[in-house]
Amino acid sequence: MNYEPFYERCRSLPETERKWAEAFCSTLDGVFDDEAFQSKQRACSLFYGKGTGLSKAQFYRKKKYIVELYQWLQEQGKVTQQFVNYVSGLKLEDVVSGTELDFYYFKDLDAVLGFVKEVGRKFDLYQDDDLLVIKSIVVLSWHSVDIKEMIGIKKSELDTANKTVHISGANERTIQLTEKEFSILKMFADKDIHKGFPMSKIQMYLSSRFLFRSTRQTQMSENNINCYLKRFNEEARQFGHALSLTALKKNGLFCEVLEKDNGEQSVNSILTPKCADRAMAFGYARFYQAWKERYHK
């Protein structure tokens, strides 16, 4: 599609606005190659352009030109007036949450593990027993296990017969896992050597009773887990996603809610027992609906 008429429209703006309009125009190259003009995801991505952050001032400045773009697209018959109204009504939190969904959330656990494998493939780490530290962090975070609880898990707390893992501590509990989830933790527990990330160098775990151990420590610290994730995310970002412990926990909860979401009861009522209070449940419910629309439409 020829955007030159829109560019000319921007060039006719007062000089004080022209530079911002031209900067916005420079971010449009390639955005609509598939002509998916009525994509809500695409509309939200325009606020970020080629950058990674979005301040309140940037949001309001960019929104002016984005609305102008969609008004022009409506004149060309490419979008409906209803979609122009949607773009005009966007709030900062709508755009931020949309970008967060794209970057840190997934359709389901298989999608997360598939992404980990995709990143690992770049470093010849795509076998089932590769990247077991990351995969175990993903599985446990998905089931709402926090870092402090993770590093305390002992190999003996994996129950092969029942496919469960026992979590000790203040919130003591036993978590039921699927065959695939349990096999990841069991492989990690049984491995003596592994290929490190990202250099794929063969390394040996220290002998330990703990699940999370390393070549130097018999028990990983919380900082070790965070550093491991940070190192993984430095490469993962090139693939359009990153892993967040908070997002994985919430993502797992959303998949649990989806199984019960049959329209017979409100999402709020399903979420409330899982949240600290009603206000949190309400906030989660709003974000859940956005996630559901994005990944399970």
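## Exercises on a predicted model

The protein has 14 helices and five strands, both taken as DSSP runs numbered from the N terminus (helices: H or I, at least four residues; strands: E, at least two). This is a predicted model, in which local features need pLDDT of at least 70 and side-chain atom pairs count only at pLDDT 80 or more, while totals for chains, interfaces and linings use all residues. Residues are numbered from 1 along each chain as its sequence is written, and side-chain values use heavy atoms, with hydrogens and water left out.

**Exercise 1.** Find Asp 130 and describe its surroundings.

*Solution.* Start with the place: Asp 130 sits in the loop between helix H7 (109-121) and helix H8 (132-142). Next, look at burial and charge. Asp 130 is buried but has no salt bridge. Buried means under 20% relative accessible area, with exposed over 50% and partly exposed in between (1.4 Å probe, protein chains only). A salt bridge needs a side-chain nitrogen of Lys or Arg within 4 Å of a carboxyl oxygen of Asp or Glu. The nearest side chain of opposite charge belongs to Lys 195, 4.0 Å away (Lys and Arg count as positive, Asp and Glu as negative; His and the chain ends are not counted). Now turn to the backbone: the nitrogen of Gln 127 lies 2.9 Å from a polar atom of the Asp 130 side chain. Finally, leaving aside neighbours within four places in sequence, Asp 130 is in contact (heavy atoms within 4.5 Å) with Asp 124, Leu 125, Lys 135 and Lys 195.

**Exercise 2.** Explore the loop between E4 and E5.

*Solution.* Begin at Pro 198, which is in the loop between strand E4 (193-195) and strand E5 (202-204). The peptide bond leading from Phe 197 to Pro 198 is cis, with omega near 5°. Then move to Ser 200, placed in the loop between E4 and E5. Its phi is near 60°, a positive value in a residue other than glycine. Is Ser 200 buried or partly exposed? Ser 200 counts as partly exposed because its relative accessibility is 21%.

**Exercise 3.** Find another positive phi, at Lys 163.

*Solution.* First locate Lys 163 in the loop between strand E1 (158-159) and strand E2 (164-167). Then read its phi, which is near 60° in this residue other than glycine.

**Exercise 4.** Describe the protein as a whole.

*Solution.* Take the extent first: along its principal axes the C-alpha trace spans about 70 × 50 × 30 Å. Then consider burial: 42% of the 297 residues are buried.

Key: A polar contact is a pair of N or O atoms within 3.5 Å; within protein, one must be able to donate a hydrogen and the other to accept it, and residues adjacent in sequence count only if both atoms are side-chain atoms.
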